[in-house]
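Here is a colleague's note on the structure shown below, set out as numbered points. It begins with one pairing of residues and works outward from there.

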Amino acid sequence: MSISIARPDANPLAVSVTVGDDALHLVLADGREISAPLEWFPRLRDATPGDRESWRLIGGGRGIHWPALDEDISVRVLLGLPS
């Protein structure tokens, strides 16, 4: 298994988002797939499945927005990069 480390000036973009019962999953434009536990995002964790599925990419894929939850998540932050 190889590990990819993004440069601080990299601009990772999401192309697909899935919110399961326990985790947020993203597919990035460069082919990487990342996941984060829903425990990190209480609004998503406590939301209905319908509200979790109602998301849109913002900033050309730089982030994800859930209108009904007033939740925004940055791809850079998920990767541990400065926002």
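1. A convenient place to start is Ser16, whose bridge partner in strand 2 is Val27. The model is predicted, and the values in this note are to be read with that in mind. The pairing of Ser16 with Val27 belongs to a longer ladder, since strand 1 and strand 2 (residues 23-28) run in the antiparallel sense and pair over 5 bridges.

2. On its way to the next strand the sheet continues in the antiparallel sense, with strand 2 and strand 3 also pairing over 5 bridges. Within this second ladder, His25 has Ser35 of strand 3 as its bridge partner. Taken together, 3 strands make up an open sheet whose order is 1-2-3, with antiparallel pairing. Strand 1 (14-19) and strand 3 (33-37) are the edge strands, each of them pairing on one side only. On average, neighbouring strands of this sheet are turned by 20° against each other, direction being ignored.

3. The hairpin of strand 2 and strand 3 deserves a separate remark, as it has 4 residues between the strands, and Gly31 takes a positive phi near 100° there. Arg32 also lies in the loop between strand 2 and strand 3.

4. Which face of strand 3 is buried, and which is not? The side chains alternate along the strand, so that Ile34 and Ala36 point to one face and are buried, because under 20% relative accessible area counts as buried. Glu33, Ser35 and Pro37 point to the other face and are not buried.

5. Ala36, which has its place in strand 3, can be looked at more closely. Its relative accessible area is 4%, and Ala36 is therefore buried. Leaving aside residues up to four places away in sequence, Ala36 touches Asp22, Ala23, Leu24, Phe41 and Leu78. The C-alpha atoms of Ala36 and His25 are 6.7 Å apart in space, while the two residues are 11 residues apart in sequence.

6. Arg32 and Asp30 call for a careful reading of their surroundings. Their side chains meet in a salt bridge with a distance of 2.8 Å, N to O, and a polar contact between the side chains of Arg32 and Asp30 is likewise found at 2.8 Å. Side chains of opposite charge can pair when their charged atoms come close. The two partners differ in their exposure: Arg32 is buried, with a relative accessible area of 18%, whereas Asp30 is exposed, with a relative accessible area of 51%. Both values should be read against the cut-offs, because buried means under 20% and exposed means over 50%.

7. A further group of charged side chains is centred on Arg45 in this description. The side chains of Arg45 and Glu39 meet in a salt bridge at 3.1 Å, N to O, and Arg45 also forms a salt bridge with Asp46, where the closest N and O atoms are 2.9 Å apart. Through such shared partners, Glu39, Arg45 and Asp46 are joined into one network of salt bridges. As to exposure, Arg45 is partly exposed, with a relative accessible area of 30%, while Glu39 is exposed, with a relative accessible area of 55%, and Asp46 is exposed, with a relative accessible area of 55%. How many salt bridges does the count come to? The count comes to 5 salt bridges, among them the pairs Arg32 with Asp30, Arg45 with Glu39 and Arg45 with Asp46.

8. Finally, the chain as a whole may be summarised. The protein has 3 helices and 6 strands, and from the N terminus on, its elements run β-β-β-α-α-β-β-β-α. Of its 83 residues, 35% count as buried. Among the contacts in the protein with a separation of 6 or more, residues 24 or more positions apart account for 37%. The protein exposes about 5,200 Å², of which carbon and sulfur atoms supply 52%.

Key: Residues are numbered from 1 along each chain as its sequence is written. This is a predicted model: local features need pLDDT of at least 70, side-chain atom pairs count only at pLDDT 80 or more; totals for chains, interfaces and linings use all residues. Side-chain values use heavy atoms; hydrogens and water are left out. Two strands pair if DSSP finds at least two bridges between them. Helices (H or I, at least four residues) and strands (E, at least two) are DSSP runs, numbered from the N terminus. Axes are lines fitted to C-alpha atoms, for helices over the stretch in contact, and angles run from 0 to 180 degrees between N-to-C directions. Buried means under 20% relative accessible area, exposed over 50%, partly exposed in between (1.4 Å probe, protein chains only). Contact means heavy atoms within 4.5 Å. Accessible areas come from the Shrake-Rupley method with a 1.4 Å probe; for residues, only the protein chains shown count as cover. A polar contact is a pair of N or O atoms within 3.5 Å; within protein, one must be able to donate a hydrogen and the other to accept it, and residues adjacent in sequence count only if both atoms are side-chain atoms. A salt bridge is a side-chain nitrogen of Lys or Arg within 4 Å of a carboxyl oxygen of Asp or Glu.
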